[in-house]
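Subject: Structure handover

Hello,

Here is the structure you were expecting. Please open it alongside the notes that follow.

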Amino acid sequence: MTGPTERLPVGEDVNTVEIPLPDDDAPNTPAVRSGFWRELAGALALGLCVLALLVLGLQVLDTAHGVPGPGVWTVIVHVFCAVAAVLLQRQADRRAGPQAGLAILLVFVLTGVTVWFFWWA
């Protein structure tokens, strides 16, 4: 039989400590939001990841069926832009001020360039 070698205290050997309850008078503060633009940049970075996985899956599927597919260059650019957007979003979440704003702006630019050149054009 496995288990602890000492028995738990019983009866008068038990010492209990009362845990203090939080004050009910403390104001209920809502969780702090990170901001609309930062959240939108995170959604765009996630969208680029989904597009990169979609393009990669289509390339693998098309290669298995013997058709050209979107092309290796398209897959590489999508994966690069998705990774760069996630890294920029990570920096935007960890920084404040102009550094965060620049990272958010670059996520928007990467998303716009990827969608413009590979999906709309």
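The largest nonpolar core has 14 residues, and Ala85, Val107 and Leu110 touch the most other members. A nonpolar core here is a set of buried Ala, Val, Leu, Ile, Met, Phe, Trp, Tyr and Cys residues joined through side-chain atoms within 4.5 Å. Buried means under 20% relative accessible area, exposed means over 50%, and partly exposed lies in between (1.4 Å probe, protein chains only). Two or more residues of this core come from each of α1 (36-65), α2 (72-94) and α3 (98-120). Helix α2 gives the largest share, 6 residues. Helices (H or I, at least four residues) and strands (E, at least two) are DSSP runs, numbered from the N terminus.

This is a predicted model, in which local features need pLDDT of at least 70 and side-chain atom pairs count only at pLDDT 80 or more, while totals for chains, interfaces and linings use all residues. Residues are numbered from 1 along each chain as its sequence is written, and side-chain values use heavy atoms, with hydrogens and water left out.

Overall, the protein has 3 helices and 0 strands, in the order α-α-α from the N terminus. Of its 121 residues, 22% are buried. The protein exposes about 9800 Å², of which carbon and sulfur atoms supply 67%; accessible areas come from the Shrake-Rupley method with a 1.4 Å probe, and for residues only the protein chains shown count as cover. Among contacts (heavy atoms within 4.5 Å) between residues at least 6 apart in sequence, 65% join residues at least 24 apart.

Back to the core: setting aside neighbours within four places in sequence, Leu110 is in contact with Leu48, Cys81, Ala84, Ala85 and Leu88.

On the outside, there is a nonpolar surface patch of about 1200 Å², with Leu54, Leu58, Trp116 and Phe117 among its members. Patches are made of residues with over 30% relative accessible area and no salt bridge; like charges are joined within 9 Å and nonpolar side chains (Val, Leu, Ile, Met, Phe, Trp, Tyr) within 5 Å. A salt bridge is a side-chain nitrogen of Lys or Arg within 4 Å of a carboxyl oxygen of Asp or Glu. Helices α1 and α3 each give two or more residues to the patch, and the largest share, 9 residues, comes from α3. Leu54 lies in helix α1 and is partly exposed, at 42% relative accessibility.

Two other leucines of the same kind of setting can be listed together. Leu56, in helix α1, is partly exposed with a relative accessible area of 37%; its C-alpha atom is 8.6 Å from that of His78, 22 residues apart along the chain. Leu46, also in helix α1, counts as exposed at 55% relative accessibility. The C-alpha atoms of Leu46 and Gln89 are separated by 9.7 Å, with their positions 43 residues apart along the chain.

One charged residue deserves a look. Asp62, in helix α1, is buried yet has no salt bridge, and the nearest side chain of opposite charge, Arg90, is 33 Å away. Lys and Arg count as positive and Asp and Glu as negative; His and the chain ends are not counted. Beyond its neighbours within four places in sequence, Asp62 is in contact with Val67, Pro68, Gly69 and Pro70.

Regards
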